[in-house]
Amino acid sequence: MGGKITFTSGTVQVMQGSEGVVQVLYTNNGTATAYNAQARLAAVEPFTSSDDTAYLGGMSPGATAVALFQISVDDTAAVKEYHLDTEIRYRDSLDNSQVSDSFSVPVEVMQKPASSGLMTILAGIGLIALTGTGAGYYVLVVRKRK
């Protein structure tokens, strides 16, 4: 009935060297309902995943569902857009098992923020300079009074 259902997904943004749960939005672009839909995401270098399957439930035509995947991004990942393969397994209206054609989820790797260690060093240098200036002023004022 109506053949395979097609799906699309939204873009995901992740930070270099990060680990956590990402949300992928899937949309049913078909004309039939997908029952008991499950999304699967294939993580490849520089990504790893300890949880590559997410339950989406029933998806009527035009419906969008959120899948949550646990992924890690390598520290050395290039700052660019990657594409991870995904597919949806679902049951059709006759309760037959179906698998969508494989399609890609765009994953944008963003540069990790500058290390806070640099800010700590700069704050320390500023504190030392301020302390030195204050001590110098005190010595000058005390000597001038004598």
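# Exercises on a strand-rich chain

From the N terminus on, the elements follow the order β-β-β-β-β-β-β-β-β-β-α. Keep in mind as you work that this is a predicted model.

## Exercise 1: The chain as a whole

Describe the chain by its secondary structure, its burial, its surface and the sequence range of its contacts.

**Solution.**

- Step 1. Start with the elements: the chain has 10 strands and one helix.
- Step 2. Turn to burial. Of the 146 residues in the chain, 27% are buried.
- Step 3. Look at the surface. The accessible area of the chain is about 9400 Å², and carbon and sulfur atoms contribute 56% of it.
- Step 4. Finish with the contacts. Among those with a separation of 6 or more, 65% link residues 24 or more positions apart.

## Exercise 2: Reading strand β8

Work out which side chains of β8 (residues 81-91) are buried, and which strands β8 pairs with.

**Solution.**

- Step 1. Recall the general pattern: in a regular strand, side chains alternate between the two faces of the sheet.
- Step 2. Apply that to β8. Tyr82, Leu84, Thr86, Ile88 and Tyr90 point to one face and are buried. Glu81, His83, Asp85, Glu87, Arg89 and Arg91 point to the other face and are not buried.
- Step 3. Now find the partners. β4 and β8 run antiparallel and are joined by five bridges, with Ile88 in β8 as the bridge partner of Ala39.
- Step 4. β10 (residues 103-110) also pairs with β8 in the antiparallel sense, over six bridges. Here Thr86 stands opposite Phe103 of β10.
- Step 5. β9 (residues 97-99) pairs with β8 over three bridges, again in the antiparallel sense, and Arg89 stands opposite Val99 in β9.

## Exercise 3: Two salt bridges

How many salt bridges does a search of the whole structure find? Locate them and say how accessible their residues are.

**Solution.**

- Step 1. The search finds two salt bridges.
- Step 2. One of them joins the side chains of Asp52 and Arg40, with an N to O distance of 3.8 Å. Asp52 sits in the loop between β5 (47-51) and β6 (53-59) and Arg40 in strand β4 (residues 34-41), so this pair ties together parts 12 residues apart in sequence.
- Step 3. Check the accessibility. Asp52 has a relative accessible area of 28% and Arg40 one of 48%. Partly exposed means the range between 20% and 50%, so Asp52 is partly exposed, and so is Arg40.
- Step 4. Another salt bridge links Asp95 and Arg91, whose closest N and O atoms are 3.0 Å apart. Asp95 is partly exposed at 48%, and Arg91 is partly exposed at 30%.
- Step 5. Look at the backbone of Asp95 too. The hairpin of β8 and β9 has five residues between the strands, and in that hairpin Asp95 takes a positive phi near 65 degrees.

## Exercise 4: Into the nonpolar core

Which residues have the most contacts inside the largest nonpolar core, and which elements build that core?

**Solution.**

- Step 1. The largest nonpolar core has 29 residues, and those with the most contacts inside it are Val14, Tyr26, Phe47, Leu56, Phe69 and Ile88.
- Step 2. Two or more core residues come from each of β2 (12-15), β3, β4, β6, β7, β8 and β10. β7 gives the most, with five residues.
- Step 3. Take Val14 as an example. Beyond its neighbours within four places in sequence, Val14 contacts residues including Val22, Phe47, Ile71 and Val107.
- Step 4. Now consider Val105 in strand β10. Its relative accessible area is 1%, so Val105 is buried. Leaving out residues up to four places away in sequence, Val105 touches several residues, among them Val12, Tyr26, Leu41 and Leu84. Leu41 is 64 residues from Val105 in sequence, yet their C-alpha atoms are 8.4 Å apart.

## Exercise 5: Nonpolar residues at the surface

Which residues form the nonpolar patch on the surface, and where does Leu68 belong?

**Solution.**

- Step 1. The patch consists of Val21, Leu25, Val66 and Leu68, which together have about 340 Å² of accessible area.
- Step 2. Trace the patch to its strands: β3 (19-28) and β7 (64-73) each supply at least two of its residues.
- Step 3. Place Leu68, which is found in strand β7. Its relative accessible area of 43% makes Leu68 partly exposed.

Notes:
Residues are numbered from 1 along each chain as its sequence is written. This is a predicted model: local features need pLDDT of at least 70, side-chain atom pairs count only at pLDDT 80 or more; totals for chains, interfaces and linings use all residues. Side-chain values use heavy atoms; hydrogens and water are left out. Patches are made of residues with over 30% relative accessible area and no salt bridge: like charges are joined within 9 Å, nonpolar side chains (Val, Leu, Ile, Met, Phe, Trp, Tyr) within 5 Å. Accessible areas come from the Shrake-Rupley method with a 1.4 Å probe; for residues, only the protein chains shown count as cover. A salt bridge is a side-chain nitrogen of Lys or Arg within 4 Å of a carboxyl oxygen of Asp or Glu. Helices (H or I, at least four residues) and strands (E, at least two) are DSSP runs, numbered from the N terminus. Buried means under 20% relative accessible area, exposed over 50%, partly exposed in between (1.4 Å probe, protein chains only). Contact means heavy atoms within 4.5 Å. Two strands pair if DSSP finds at least two bridges between them. A nonpolar core is a set of buried Ala, Val, Leu, Ile, Met, Phe, Trp, Tyr and Cys residues joined through side-chain atoms within 4.5 Å.
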